[in-house]
Amino acid sequence: MRGYQFLKAKKVFMLLLGLTMVLAGCSSGSSGNSTGTAGGNAQAEGGASGANDKVTINFMHLWPEGVSAAQSKVVSDIVKQYEDDHPNVTIKMEVLDNEQYKNKLKVLSTSNSLPDVGVTWAAGFLQPYVEGGLFASLDDELGSGLGDQFVAGTTDAFAIEGSTYGLPLEFNIAPIYYNKEIFANHNLEVPATYDEFVDVVQTLADSGVTPIALGNKDRWTGSLWYMYLADRIAGQEVFSNALAGKDTYMQDSLLQAAGEVQHLVNMNAFNKGFNGLSNDEGKADFYNETAAMYLMGTWELANFTANEEIPKAFKDKVGFFKFPAVSGGKGDSNSWVGGPGVGLFVAENSPVKEAAKAFVAYFVEKWGEKSVTEAGVIPATKVDTDSLELPDLYVDLFNEMNQATSITLYADVQLEAEAAEVHLNQIQALFGNAATPEQFSEAHDQAINK
């Protein structure tokens, strides 16, 4: 490898027949204020061996109230239900935003004091924790029947050398959401080609409307834009081979993709100060209707469908379109950036490891339909949606996934840790015009082949 695999899934979330998933990706997640109790390993009060022993499990996740209200409620409901069903177990939660969560996980790993249960991403993100002996194998849980509940192929993204160390909760693709009213007010149609997309950007910019909301302080957000351009211009195979170190990054098509990022920046496609804004700060321009478009994973569907704190009048204005094909490029508009989203891990050295595994298995089972109906999430487990009444936006995106020709996993998830950090830093430099396309590509070659 270098921390990723090629997956073929016969069925992705029931309807996704024939989907080829290429793990070659960013982070999903949301942000908000830190709440909850402190992290660290669980304390077993009186031991964890007996059914009536008092057990405390520390659970650290990244769905705060507010910006992730729908997911946060689902998590809290599952936790409460588990505690009701298991009176001897207390689940203590610590809730952090996306970047805070990643940073704290790194800090806790250095002292081997991870929470008993936490959130992880797949592939390259997962690998150093597994190699460091910090995550427990969850093969027993999958082998006891839980594995049959997952969409084919989704757990493979969390496997290292034949064992699975995380149980996925989501499956995502990244569309471009747009404000239908803003488009209508400027006589704009959904772009079918990239040239038409550039024309839309230019028209909006000339009219004093911010074309695209972006918060690139978190860096993975800008990576989505670059990845799509690399996919559409170079083609999925060329791009994936470069990420895997099988071919050079110094190819004309990949240089062109990096150059096109800077073309968008220089034509004022993005909101002012985007490189200094977090994702939440950047996307506020879309939610406030001062920006017309926003590229993000389908985990954002929760806010456009189920989050009761978001006004219905705004939700009704939100549509989406696929990143359009580039004339002369080797990619197509049915190729998506996405893949399995976050999953749950159990700490290898947790003093209540078996209790933590039981909670994770329970959580995954309950998350399935509840996350669909209450949070607008596309889960990694199989759910029969035919009997559910779902928003049109959810159904339409779900059907687009069914027609996907390939799905390329976010680059910063796919790459090993050091190479991923180089990628993210170079993304911010590229968007800030602080690196040329040549410097950007050369830095990737050096990092990936180190």
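For the pocket linings shown here, Ala, Val, Leu, Ile, Met, Phe, Trp, Tyr, Cys and Pro count as nonpolar, Asp, Glu, Lys and Arg as charged, and the others, Gly among them, as polar. With that, the lining of the second largest pocket splits into seven nonpolar, four polar and six charged residues. The views below all come from a predicted model.

**View A. A look into the largest nonpolar core of the predicted model.** This core holds 150 residues, and the members that touch the most others are Phe59, Tyr177, Phe197, Trp225, Tyr226, Phe270 and Met293. Helix α13, running over residues 353–375, chips in 11 residues, the largest share of this core.

**View B. The largest pocket, at about 420 Å³.** There are 24 lining residues here, and Lys102, Lys106, Phe125, Ala417 and Glu421 sit closest to the pocket's centre. Look for α2 (98–110), α3 (123–131), α15 (411–414) and α16 (417–431): these are the elements that give the lining two or more residues. By type, the lining of this largest pocket comes out as 10 nonpolar, five polar and nine charged residues.

**View C. The second largest pocket, at about 300 Å³.** Of its 17 lining residues, Ala70, Ala306, Asn307, Glu308 and Glu374 are the closest to the centre. Two elements, α1 (69–85) and α13, give two or more residues to this lining. The largest share, four residues, is down to α1.

**View D. Helix α13, seen from both settings.** Here's the helix that supplies the largest share of the largest nonpolar core, and α13 also turns up in the lining of the second largest pocket, with two or more residues.

Technical notes
Residues numbered from 1 in each chain as written. Predicted model: local features only at pLDDT ≥ 70, side-chain atom pairs only at ≥ 80, totals over all residues. Heavy atoms only, no water. Core = buried A, V, L, I, M, F, W, Y, C linked by side-chain atoms within 4.5 Å. Buried < 20%, exposed > 50% of the residue type's maximum accessible area, 1.4 Å probe, protein only. 1 Å grid on protein atoms, 1.4 Å probe; cavity = no way out; pocket = protein on both sides within 12 Å on 5 of 7 lines; lining within 4 Å. Points joined across faces, edges and corners; volume = space filled by probe spheres on them.
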